Amino acid sequence: MYAWIWSKLPGPFAAKLTCAVLLALGVIALLMFVVFPWLEPRLWFNEVAVN
Amino acid sequence: MATREGPDDGRENTGPRPGDHTPWRRPAPGSRGQVPRRPAPPQPARRRYTGPIDNSAEKTQVFAPVGGSAEETQILAPVKAPTATKDRPGPAPLGKGGVAIRTAGEVLITLGLIVLLFMVYELYVTDLFSAGKQSEASDQLDGEWSHDRTLHPELVDGRAFARIHIPTFGVDYNFTIQEGTDDPSLEVGPGHYKGTSLPGEPGNFAVAGHRVGKGAPFNDLDNLSSCDQIVIETSTDFYVYKVLPYDDEVDGWTTGKGADPKCKGVPTLRDPNAESGGAYSETFGRKVVLPSEGTAVNPVPYKPAEVLPKAQQVALLTLTTCHPQFSARQRLIITSVLTQQVPKSQAANYTDLLPKIGEAR
């Protein structure tokens, strides 16, 4: 998988590396700002109130 | 040549596949050791660079001799051949199964990393988000208070209307209290259970807060002991509550810890005339209950609402959070009783209040 992605990245090594780092940061940002905030209320361990 | 081909035939059965990677080290050098001896003169230059291309032939050649001790020595010697290192990086081709296994492994590692990332998010990133919201809410509350000093603020869901200070956790410990205990409210800071009393009122002013992540306002709630002060600040007053005696302190409170000047004004709330201790017999400074124990925030904790008329109810403050830490299996309940009310005309701000209530600074 990672080898395949690497092979699809364009340019010389430096360009590939930059691309890969940007990709990784993009994925992390997507998780932190979109996926996790969406997922969190659906999990159970954040309840602090009695009902 | 004849010696090579002979072994070849015999070896093919054992499988060309395993030969695919390992043979590189052994056979390549081995063959090289032999190659220069015979075919070297005809095509010396080509052999060196295109050697790897001939793999299949060479691999099989080498495998055959492995059995004989004589050949093994041949193999070891040529390892030093200059091209040996160049040959090594040649990619070991994986079959379809190999690729599938590798991909599955990569996916699992990725999922593991995502779970780790989620932990980081829960423990640290939500703190950052909540810190921003909290400071915004705090500024807004200060703004409102500077304009308008109404006794009973209008309660709007998710909007801050009071502030909690706990001197035990440090002079700078303060959070705004929002109306409601739903997620958006609790992301800002502690939230007031809708319908429970307001600060200073008889009954139970109940507040929930996160213990892990999201600013974790109630992270250290289990470090409170009886008689520790909790200050609720509204637009007009400071209400000073003190944590009620814990269950092992209730008996002999007046002669025990209750005699401490720090505990001045802290009753056990037990009715000596009633058999079981009266309406507040279940009320302790700290309790760990199941999440379903909604009665913890009743006007008289753990008792039906009608057990005491409003006029006879004591003004309590109840804080709830999850327990144990990092789990939502139970709830930690801290209950305190109103001991003092200081109008803001006597103490303009929290720093002025602290000496008046016997706290340092």
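These numbered points go through a predicted model of two chains, A and B, from the whole of chain B to the helix contact and then to single residues.

1. Chain B overall. Chain B is made up of 10 helices and 9 strands. It has 361 residues, and 34% of them count as buried. When contacts in chain B between residues at least 6 apart in sequence are taken, 60% join residues at least 24 apart.

2. The contact between the chains. Chain A puts 15 residues into the contact and chain B puts in 27 residues. On the side of chain A that touches chain B, helix 2 gives the most, with 4 residues. That side of chain A divides into 12 nonpolar residues, 2 polar and 1 charged.

3. The helix crossing. Helix 2 of chain A covers residues 13–39 and helix 8 of chain B covers residues 96–147. Their axes come within 11 Å and cross at roughly 65°, and the crossing is right-handed. From helix 2 of chain A the residues are A:Ile28, A:Leu31, A:Met32 and A:Phe36. They meet B:Ile114, B:Leu117, B:Phe118, B:Tyr121 and B:Val125 in helix 8 of chain B. The residues of this helix contact come to 9 nonpolar, with no polar and no charged ones. As background to the spacing of such residues, an α-helix has 3.6 residues a turn, so residues three or four places apart point the same way.

4. Helix 2 of chain A. This helix has 27 residues and reaches 36 Å from its first C-alpha to its last, close to the 39 Å expected at 1.5 Å a residue. A kink of about 40° is centred on A:Leu31, and A:Leu31 is also one of the residues that meet helix 8 of chain B. Helix 2 of chain A is hardly covered, with a count of 0 buried residues among its 27 residues.

5. Helix 8 of chain B. With 52 residues, this helix reaches 73 Å from first C-alpha to last, close to the 76 Å expected at 1.5 Å a residue. It bends by about 45° at B:Tyr121. B:Tyr121 is in the contact with helix 2 of chain A and is buried, as are B:Thr126, B:Ser130, B:Gln134, B:Ala137 and B:Leu141 in helix 8. The buried residues of helix 8 pack against helix 2 of chain A together with three elements of chain B: strand 1 (160–165), strand 2 (174–179) and helix 9 (183–188).

6. B:Glu144. This residue also belongs to helix 8 of chain B. B:Glu144 is partly exposed because it has 16 other C-beta atoms within 10 Å, where 20 or more would make a residue buried and 12 or fewer exposed. B:Glu144 and B:Ala160 are 16 residues apart in sequence, and their C-alpha atoms are 9.9 Å apart.

7. The loop between strand 4 and strand 5 of chain B. Two residues of this loop, which runs between strand 4 (203–208) and strand 5 (229–233), are worth a look: B:Cys227 and B:Leu224. B:Cys227 is not a glycine, yet its phi is positive, near 75°. B:Cys227 is buried, since 22 other C-beta atoms lie within 10 Å. B:Leu224 also counts as buried, with 22 C-beta neighbours inside 10 Å. Apart from neighbours within four places in sequence, B:Leu224 is in contact with B:Thr168, B:Val243 and B:Ile334. By contrast, B:Leu224 and B:Val156 are 68 residues apart in sequence and 30 Å apart in space, C-alpha to C-alpha.

8. The loop between strand 8 and strand 9 of chain B. Strand 8 (315–323) and strand 9 (330–343) are joined by a loop that holds B:Pro324 and B:Phe326. The peptide bond between B:His323 and B:Pro324 is cis, with omega about -10°. B:Phe326 is not a glycine but has a positive phi of about 70°. B:Phe326 counts as partly exposed because it has 14 C-beta neighbours inside 10 Å.

9. Backbone geometry to check. Most residues other than glycine have a negative phi, and most peptide bonds are trans. The places to inspect against that background are B:Cys227, with phi near 75°, B:Phe326, with phi of about 70°, and the cis bond joining B:His323 and B:Pro324.

Key
Residues numbered from 1 in each chain as written. Chains lettered and ligands numbered in written order. Predicted model: local features only at pLDDT ≥ 70, side-chain atom pairs only at ≥ 80, totals over all residues. Axes fitted to C-alpha atoms, helices over the stretch in contact; angles between N-to-C directions. Left-handed = near helix turned anticlockwise from the far one by under 90°. Contact = placed C-beta atoms within 7 Å. Nonpolar A, V, L, I, M, F, W, Y, C, P; charged D, E, K, R; others polar. Expected span 1.5 Å × (residues − 1). Bend = angle between axes of the 7 residues up to and from the residue.
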